[in-house]
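Please walk through the structure shown here, beginning with its helices and then moving on to the loop and its surface.

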Amino acid sequence: MKPLSANRILLSGLMALSVLLLNGCVPRIELSAPKEPITINMNVKIEHEIHIKVDKDVENLLKNQSDLF
């Protein structure tokens, strides 16, 4: 039986070490629901300005007969 050379022993050791190190680099994804409910606080102020252009006839009708609406 032939004795192992120092380079071969070193190479075997490095390969075993690299296998052990790469085993720890396996990606792991974990999904879990939160223990408390998610609260979304929305303080929103919405303001609208509506500008309506009407014909003079319709404008006069609205002024004269204000009980339409």
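**From helix H1 to the loop**

In this predicted model, helix H1 has 18 residues, which at 1.5 Å a residue should span 26 Å, and its end C-alpha atoms do lie 26 Å apart, so the expected and the computed span agree. Of those 18 residues of H1 the number buried is 0, and the helix therefore lies largely in the open. Being buried would require a relative accessible area under 20%, and across the 69 residues of the chain the share that counts as buried is likewise 0%.

Taken as a whole, the chain has 2 helices and 0 strands as its secondary structure. It exposes about 8,100 Å², and 60% of this area is supplied by carbon and sulfur atoms.

Between helix H1 (6–23) and helix H2 (56–64) runs a loop, and isoleucine 38 is found in it. Because its relative accessibility is 70%, isoleucine 38 counts as exposed, the cut-off for that class being over 50%. Isoleucine 38 also belongs to a nonpolar patch on the surface, which it forms with Ile40, Met42, Val44 and Ile46, and these residues together have about 640 Å² of accessible area.

What, then, of the charged side chains: which residues meet in a salt bridge? The side chains of glutamate 47 and lysine 45 do so, with a distance of 3.2 Å from N to O, which falls within the 4 Å that the rule allows. The count of salt bridges by this rule comes to 1. In general, side chains of opposite charge can pair when their charged atoms come close. Both partners are exposed: glutamate 47 has a relative accessible area of 61%, while lysine 45 has one of 70%.

Note on methods
Residues are numbered from 1 along each chain as its sequence is written. This is a predicted model: local features need pLDDT of at least 70, side-chain atom pairs count only at pLDDT 80 or more; totals for chains, interfaces and linings use all residues. Side-chain values use heavy atoms; hydrogens and water are left out. Patches are made of residues with over 30% relative accessible area and no salt bridge: like charges are joined within 9 Å, nonpolar side chains (Val, Leu, Ile, Met, Phe, Trp, Tyr) within 5 Å. Accessible areas come from the Shrake-Rupley method with a 1.4 Å probe; for residues, only the protein chains shown count as cover. Helices (H or I, at least four residues) and strands (E, at least two) are DSSP runs, numbered from the N terminus. Buried means under 20% relative accessible area, exposed over 50%, partly exposed in between (1.4 Å probe, protein chains only). The expected span of a helix is 1.5 Å times one less than its number of residues.
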